[in-house]
Amino acid sequence: MGAIITKNENSFASVQTTNNKKNIPKLYYTPTSCGAASFIAAYAAKLNLQVELADIRTKKTHSGADFLAINPKGNVPTLVLDDGTVLNEGSAVLQWIADQV
């Protein structure tokens, strides 16, 4: 299970839960680290992304998955593209977001 960032006409963000959406990139982040910048940029760019919190201390995702299996470096942000490519550096994730606009 994940979530998708959406923005309504009143400019409020909502995060909708999803069930294994295919072909939608997934962003793992923490709201209190530099990973939050990618979340904010994706929201501002109105990108359709799945999002999930990652606990960088326990190395688990919010859904309980092993975060190290997704990103062996264990850092955020981590963006998993629909083709399985993993971007695990903040500058690479932000560049990918900018390239989508």
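# A guided tour of the predicted model

Begin with the largest nonpolar core of this predicted model. This core has 13 residues, and those with the most contacts inside it are Leu-27, Leu-49, Leu-79, Val-93, Trp-96 and Ile-97. Colour β3 (26-29), α1 (35-44) and α3 (90-100), each of which supplies at least two residues of the core. The largest share, three residues, comes from α3.

Next, select Val-93 and display its surroundings. Beyond its neighbours within four places in sequence, Val-93 is in contact with Leu-27, Ser-38, Pro-77, Leu-79 and Leu-87. A separate core, of five residues, lies apart from the one just visited; among its members are Tyr-28, Ala-54, Ile-70 and Val-76.

**Ser-38 and helix α1**

From Val-93, move to Ser-38, which is placed in helix α1. Is Ser-38 buried or exposed? With a relative accessible area of 1%, Ser-38 is buried. Its contacts, leaving aside neighbours within four places in sequence, are Leu-27, Pro-77, Gly-90, Val-93, Leu-94 and Ile-97.

Now select the whole of α1. The buried residues there are Gly-35, Ala-36, Ser-38, Phe-39, Ala-42 and Tyr-43. Turn the view to look down the axis of α1: the buried residues fall within an arc of 160°, so they line one face of the helix. An α-helix has 3.6 residues a turn, so residues three or four places apart point the same way. On the face of α1 turned away from the buried side, find the exposed residues Ile-40 and Ala-44.

**Backbone features**

Continue past the end of α1 to Lys-46, which follows the helix and has a positive phi, near 60°. Lys-46 lies in the loop between α1 and β4 (50-55), and counts as exposed at 62% relative accessibility. Then select Lys-59, in the loop between β4 and β5. Lys-59 also has a positive phi, of about 60°, although it is not a glycine. Its relative accessible area is 25%, so Lys-59 is partly exposed.

Proceed to Pro-77, already met as a contact of Ser-38. Pro-77 lies in the loop between α2 and β6 (78-80). Which form does the peptide bond from Val-76 to Pro-77 take? This bond is cis, with omega near 0°. As background to these stops, most residues other than glycine have a negative phi, and most peptide bonds are trans.

A further loop position to select is Gly-64, found between β5 (60-61) and α2 (67-70). Gly-64 is partly exposed, with a relative accessible area of 45%. Draw a distance from Gly-64 to Ala-54: the two are ten residues apart in sequence, and their C-alpha atoms are 9.1 Å apart.

**Aromatic pairs**

Finally, show the aromatic rings, among which the count comes to two pairs. Select Tyr-28 and Phe-67, whose ring centres are 5.7 Å apart and whose planes stand at 55°, so the pair is tilted. This pair links distant parts of the chain, with Tyr-28 in strand β3 and Phe-67 in helix α2, 39 residues apart. Tyr-28 and Phe-67 are both buried.

For the other pair, select Tyr-29 and Phe-39. Their ring centres lie 4.6 Å apart with the planes at 20°, so the pair is stacked. Here strand β3, holding Tyr-29, is linked with helix α1, holding Phe-39, across ten residues of sequence. Tyr-29 and Phe-39 are likewise buried.

Key. Residues numbered from 1 in each chain as written. Predicted model: local features only at pLDDT ≥ 70, side-chain atom pairs only at ≥ 80, totals over all residues. Heavy atoms only, no water. Core = buried A, V, L, I, M, F, W, Y, C linked by side-chain atoms within 4.5 Å. Buried < 20%, exposed > 50% of the residue type's maximum accessible area, 1.4 Å probe, protein only. Helix = DSSP H or I, 4+ residues; strand = E, 2+ residues; numbered from the N terminus. Contact = heavy atoms within 4.5 Å. Arc of directions from axis to C-beta. Phe/Tyr/Trp six-rings, centres within 6.5 Å; stacked < 30°, edge-to-face > 60°.
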